[in-house]
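Dear colleague,

I am handing over the structure below, and after it I set out what was found in it. Please read the notes with the coordinates open beside you.

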Amino acid sequence: MSYNLTSPIVELRNVNFAYGERVILHDVTLSVPQGKVTALIGPMGSGKTTMLRVIGGQNRAQSGEVLFEGQDVTRMDAKQLYAMRRRMGMMFQFGALFADISVFDNVAFPLREHTDLSEALIRDIVLMKLHAVGLRGARDLMPSSLSGGMTRRVALARAIALDPDH
């Protein structure tokens, strides 16, 4: 896949967001290059998850611009938002794994939810993604038996299961 590395995939321009009177994002400007992995790092409560929700269209910025490939996220309908989200892989700090299903089923979840792939193909993709993060042998483990590092690697495998563009 080729990327235009000169144009950003995601842009925030002077974005503001608040929950009532509590300001979370104030005049945030951010440019995420196409084809690059980008990390949001900051202390708890600094707005990382809120920023991801604004980028993904779950929360609407009160002012400023939120663009995905130059398109205004706030003007996207549900179908366009869904298509945009499928092209992004997001991984949260603590993994956000489903506690009651195995590592294999956690990684398979987005494939089962968002594709019509056969179970045989899903199996191959899941094993490939687990292998890529060094956890092929952990497929039958439950999240409660994983170390913190293993949990993050399972979350990464799930985030890349759909082969996101970005």
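**Helix packing**

Helices α3 and α4 are oblique to each other, since their axes pack at an angle of about 120 degrees, and an angle counts as oblique when it falls outside the roughly parallel (under 35 degrees), roughly antiparallel (over 145) and roughly perpendicular (65 to 115) ranges. Please bear in mind throughout that this is a predicted model. The axes of α3 and α4 lie 9 Å apart, and the crossing of these two helices is right-handed. On the α3 side the contact is made by Val 103, Phe 104, Val 107, Ala 108, Leu 111 and Arg 112, while α4 contributes Glu 119, Ile 122, Arg 123, Ile 125, Val 126, Leu 127, Lys 129 and Leu 130.

Both of these helices, α3 (residues 103-114) and α4 (residues 119-132), are also among the elements that cover the buried residues of α5. Helix α5 covers residues 148-159, which makes 12 residues, and it reaches 16 Å from its first C-alpha to its last, close to the 16 Å expected at 1.5 Å a residue. Its buried residues are Met 150, Thr 151, Val 154, Ala 155, Ala 157, Arg 158 and Ala 159, a list in which Arg 158 appears alongside Val 154 and Met 150.

**The sheet**

Turning to the strands, the model contains an open sheet of 4 strands in the order β2-β1-β3-β4, with antiparallel pairing. Strands β2 and β4 (residues 71-72) stand at the edges and have a single partner strand each, so that one side of each is left without a neighbour in the sheet.

Strand β1 (residues 8-19) is joined to β2 (residues 22-33) by 8 bridges, the two running antiparallel, and together they form a hairpin with 2 residues between them; in that turn, Gly 20 has a positive phi of about 65 degrees. On its other pairing, β1 meets β3 (residues 63-68), again in the antiparallel sense, over 5 bridges.

Glu 11 is a convenient residue from which to follow both pairings, as its bridge partner in β2 is Ser 31, whereas in β3 it stands opposite Leu 67. For Leu 12, the bridge partner in β2 is Leu 30.

Finally, helix α1 (residues 48-55) lies across β1, β2 and β3, and runs at about 120 degrees to β1.

With best wishes

Methods
Residues are numbered from 1 along each chain as its sequence is written. This is a predicted model: local features need pLDDT of at least 70, side-chain atom pairs count only at pLDDT 80 or more; totals for chains, interfaces and linings use all residues. Side-chain values use heavy atoms; hydrogens and water are left out. Two strands pair if DSSP finds at least two bridges between them. The expected span of a helix is 1.5 Å times one less than its number of residues. Buried means under 20% relative accessible area, exposed over 50%, partly exposed in between (1.4 Å probe, protein chains only). Contact means heavy atoms within 4.5 Å. Axes are lines fitted to C-alpha atoms, for helices over the stretch in contact, and angles run from 0 to 180 degrees between N-to-C directions. A crossing is left-handed if the near helix is turned anticlockwise from the far one by less than a right angle, and right-handed if clockwise.
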